[in-house]
Amino acid sequence: MRYLCMIFATDAQTNAIPPDELPGFVNAHLDYDDRLSASGNLVASEGLESSDKAVVVRMRNGRLSVTDGPFVETNEQLGGFYLVEAASDEEAVRMAAGIPSARVGSIEVRPVIARRGEARGDAR
């Protein structure tokens with residue numbers, strides 16, 4: 001079963017990482033990517049540009065609206081994600097706990113809806 005582990009943090013939390021520690025923080029994520037990949041659990045992971053580079057797209061009554069982002073009603077911003085394969089909710093939570101950003105912000109773990117023809121309980 002696939003799970004999306006979304007990395008959220010406020011600007012204050014992200015900016016609290018000292019500049020000289022930032023390369024190590026990034027490398028800790030890359031090392032975790034390697035461990036999840038070696039175990040066969042990593043589907044994809046990516047960091048995202050800051051939310052000031054985002055746009056919000058809406059279709060209302062057949063009309064396109066594009067607003068410069070961020071426009072989400074929260075002070076936390078989505079900073080990246082891990083898409084993982086896990087046999088259970090508990091295993092997905094354990095994987096999310098290993099994401100280095102969990103020490104700075106928070107990780108939302110959400111099951112991915114099975115595609116047509118896939119069983120909900122199939123892991124891998």
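Phe8 finds its bridge partner across in β5, and that partner is Leu78. This pairing, like everything else described here, comes from a predicted model. It belongs to a longer run of contacts between strands: β1 and β5 are antiparallel and joined by nine bridges. On top of that, β1 is joined to β6, a strand covering residues 106–111, by six bridges, again in an antiparallel arrangement. Here Met6 sits opposite Glu108 of β6. With eight of its nine residues buried, β1 is largely enclosed by the rest of the structure.

The residue at the end of that strand is worth a look too. Thr10 belongs to β1, which spans residues 2–10. Is Thr10 buried or exposed? Its relative accessibility is 14%, so Thr10 counts as buried. Setting aside neighbours within four places in sequence, Thr10 touches Asn75 and Glu76. As a general point, side chains in a regular strand alternate between the two faces of the sheet.

Stepping back to the overall layout, the protein has three helices and six strands. Read from the N terminus, the order of elements is β-α-α-β-β-β-β-α-β. Of the 124 residues in the protein, 29% are buried. Contacts tend to reach a long way along the chain: of those between residues at least 6 apart in sequence, 77% join residues at least 24 apart.

Aromatic pairing comes down to one case, as the count gives one aromatic pair. The partners are Tyr32 and Tyr82, with ring centres 5.9 Å apart and planes at 65°; planes over 60 degrees apart count as edge-to-face, so that is the label for this pair. Tyr32 comes from helix α2 (residues 22–38) and Tyr82 from strand β5 (residues 76–85), so the pair ties together parts that lie 50 residues apart in sequence. Both rings belong to buried residues: Tyr32 has a relative accessibility of 9%, and Tyr82 has 3%. Buried means under 20%, which is why both of these tyrosines qualify. Strand β5 thus turns up twice, once as the antiparallel partner of β1 and once as the home of Tyr82.

Salt bridges are just as few, with one found in a search of the whole structure. It links the side chains of Arg110 and Glu108, with 2.4 Å from N to O. In general, side chains of opposite charge can pair when their charged atoms come close. How exposed are the two partners? Arg110, at 46% relative accessibility, counts as partly exposed. Glu108 is also partly exposed, at 30%. Glu108 is the residue that stands opposite Met6 of the neighbouring strand pairing as well.

Finally, the surface. The protein exposes about 8300 Å², and carbon and sulfur atoms supply 53% of that area. One nonpolar surface patch covers about 500 Å² and is made by Val55, Val57, Met59, Leu64 and Val66. Two elements give two or more residues each to this patch, β3 (55–60) and β4 (63–68). Which of them gives the largest share? That is β3, with three residues. Val66, for its part, is placed in β4.

Definitions and conventions
Residues are numbered from 1 along each chain as its sequence is written. This is a predicted model: local features need pLDDT of at least 70, side-chain atom pairs count only at pLDDT 80 or more; totals for chains, interfaces and linings use all residues. Side-chain values use heavy atoms; hydrogens and water are left out. Helices (H or I, at least four residues) and strands (E, at least two) are DSSP runs, numbered from the N terminus. Buried means under 20% relative accessible area, exposed over 50%, partly exposed in between (1.4 Å probe, protein chains only). Contact means heavy atoms within 4.5 Å. Rings of Phe, Tyr and Trp (its six-membered ring) pair if their centres lie within 6.5 Å; planes under 30 degrees apart count as stacked, over 60 as edge-to-face and the rest as tilted. Patches are made of residues with over 30% relative accessible area and no salt bridge: like charges are joined within 9 Å, nonpolar side chains (Val, Leu, Ile, Met, Phe, Trp, Tyr) within 5 Å. Accessible areas come from the Shrake-Rupley method with a 1.4 Å probe; for residues, only the protein chains shown count as cover. A salt bridge is a side-chain nitrogen of Lys or Arg within 4 Å of a carboxyl oxygen of Asp or Glu. Two strands pair if DSSP finds at least two bridges between them.
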